[in-house]
Amino acid sequence: MKNILITGGSGFIGSHLVRLMVNKYPNYNIVNLDKLTYAGNPENIKDIENAPNYKFVQADIVDKDVISDLFNEYKFAGVIHLAAESHVDRSISNPTEFIMTNVVGTLNLLNAAREIWKDDFSDKIFYHVSTDEVYGSLGDKGFFYEDTAYDPRSPYSASKASSDHIVRAYYHTFGMPIKISNCSNNYGSHQFPEKLIPLMIHNIKNNKPLPVYGEGLNIRDWLWVADHARAIDDIFHKGKVGETYNIGGHNEWKNIDLVHLLCDTMDEKLGREKGAARQLITYVKDRAGHDMRYAIDATKIKEELGWVPSVTFEEGLSKTVDWYLENEQWLDNVTSGNYRSYYENQYNKR
Ligand code: NAD
Ligand code: DAU
């Protein structure tokens, strides 16, 4: 049995990946290390928590002694690192936490891996999961490629860019067997409702205003979260060491068009009058430094590893809406407590 560490496995993408790995690879011991911040939720992986090849450890990747002890105990053969502070708006109000977790935390994991691998890297992998936001902001045309120069513009993307550079430095300097992927915006079940799609679903359901930043003209490239998890599995097992893979859905949507589609889908599913939800749209002050457009060229992963998205956006979005409507208790649990005060702060300052 190989011990494989997944960090951030109680969050949105991490929970989809942990489920896939636990079910698909009975010969791996999957250890999920998660601090359980506001974004980490044990409920996300309740269905596999008693699997014989799964173990949960609550820990903070910023605490280097704890991380080092854990690596010494489990002698991990592979690491898939997703733990991060992930919300751009929170990085604008509290950059320090992003530098600590995303930069210092990643460094601690690299050092702990190096310490137990003792520079004998045969059959070892350190896989760092990153974002397309490191490449900056596109105009009307063009795509992000694996060799696009980094140009991060928010504290979040700067912290992720920083961690990508450190991971690559460990490859070049110490020969650490690393892989990196940079993915576009994910959507699907179990996403914390501070992010655009679940936030809009939650507000439409409750007849609350739908806060669209600026004029709603910014563009994102949306990918079904389970397809991201499949891509991570492919890269972890078949990707080349030292390489970067871009992951994306070739699925660009202007924010306002996406919100309209969500409104119309939900009116229909909730049996409300056509156009009812659109009336809730409220244009609010723009996000500071708001990146205009992201778009991934995913040719490399398609040609080298045969990965392509498995669902259309319309299909995925419809399933996503159904999931949130059927899991009211999950939404109520995560929107109670601390999240309420974050929400009031974020949207009342405009
Ligand atoms: P998320 O915010 O839903 O989950 C992050 C998880 O990390 C949570 O479970 C949280 O408890 C944990 N965590 C945070 N700080 C920690 C710390 N100091 N120690 C241990 N655990 C900690 O994030 P997500 O959307 O699932 O993103 C996961 C990863 O994928 C991140 O690295 C993010 O940058 C990257 N990514 C996200 C997207 C997206 O659209 N959401 C797209 C591309 C890349
Ligand atoms: O591109 C990958 C990135 O996608 C990930 O690295 C991040 O972790 C993830 O959060 C996401 O970042 P975005 O900033 O693109 O996602 P968010 O859901 O916050 O916003 C999507 C778009 O919608 C963006 O243009 C801002 C806008 N928006 C967002 C919120 C929360 C609104 O108009 N209103 C809102 O209330």
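## Two ligands and the protein around them

A backbone N or O atom of Ile 61 sits 3.0 Å from a nitrogen atom of ligand 1. Ligand 1 would expose 830 Å² if taken alone, and the protein buries 97% of that area. Please keep in mind as we go that this is a predicted model.

Let's stay with ligand 1 for a moment. Backbone atoms make further polar contacts here: a polar backbone atom of Ile 13 is 2.8 Å from an oxygen atom of the ligand, and a backbone N or O atom of Thr 37 is 3.0 Å from an oxygen atom of ligand 1. In total, 28 residues surround ligand 1, and the closest of them are Ile 13, Asp 34, Ser 86, Tyr 156 and Lys 160. By character, this shell divides into 12 nonpolar, 12 polar and four charged residues.

Which helices and strands each supply at least two residues of that shell? They are the helices α1 (12-24) and α5 (155-174), together with the strands β5 (125-131) and β7 (185-187). The largest share belongs to β5, which provides three residues.

Now let's turn to ligand 2. Here 24 residues form the surroundings, and the closest are Asp 132, Tyr 156, Arg 287, His 290 and Tyr 347. You have met Tyr 156 already, as one of the closest residues to ligand 1. Side chains provide the polar contacts we can look at for ligand 2. A polar side-chain atom of Asp 132 lies 2.6 Å from an oxygen atom of the ligand, and an N or O atom in the side chain of Arg 287 is 2.6 Å from an oxygen atom of ligand 2. Asn 255 joins them, with a polar side-chain atom 2.9 Å from an oxygen atom of ligand 2. Taken alone, ligand 2 exposes 690 Å², of which the protein buries 95%.

The shell of ligand 2 is made up of 10 nonpolar, eight polar and six charged residues. Helix α6 (196-205) and strand β8 (210-213) each contribute at least two residues to this shell, and β8 gives the most, with three.

Let's move on to the salt bridges, of which the structure holds 16. One of them pairs the side chains of Lys 24 and Asp 233, with 2.6 Å from N to O. Because Lys 24 lies in helix α1 and Asp 233 in helix α7 (residues 225-238), this pair ties together parts that are 209 residues apart in sequence. Helix α1 is also among the elements that supply at least two residues to the shell around ligand 1.

Our last stop is helix α4, which covers residues 95-117. How far apart are its end C-alpha atoms? They are 32 Å apart, and this agrees with expectation because 23 residues at 1.5 Å a residue should span 33 Å. Along the way, α4 has a kink of about 25 degrees, centred on Gly 105. After the helix comes Lys 118, whose phi is positive, near 45 degrees.

Terms used:
Residues are numbered from 1 along each chain as its sequence is written. Chains are lettered from A and ligands numbered from 1 in the order in which they are written. This is a predicted model: local features need pLDDT of at least 70, side-chain atom pairs count only at pLDDT 80 or more; totals for chains, interfaces and linings use all residues. Side-chain values use heavy atoms; hydrogens and water are left out. Helices (H or I, at least four residues) and strands (E, at least two) are DSSP runs, numbered from the N terminus. The expected span of a helix is 1.5 Å times one less than its number of residues. The bend at a residue is the angle between axes fitted to the seven residues ending there and the seven starting there. A residue is near a molecule or strand if one of its heavy atoms lies within 4 Å of it. A polar contact is a pair of N or O atoms within 3.5 Å; within protein, one must be able to donate a hydrogen and the other to accept it, and residues adjacent in sequence count only if both atoms are side-chain atoms. Accessible areas come from the Shrake-Rupley method with a 1.4 Å probe; for residues, only the protein chains shown count as cover. Ala, Val, Leu, Ile, Met, Phe, Trp, Tyr, Cys and Pro count as nonpolar, Asp, Glu, Lys and Arg as charged, and the others, Gly among them, as polar. A salt bridge is a side-chain nitrogen of Lys or Arg within 4 Å of a carboxyl oxygen of Asp or Glu.
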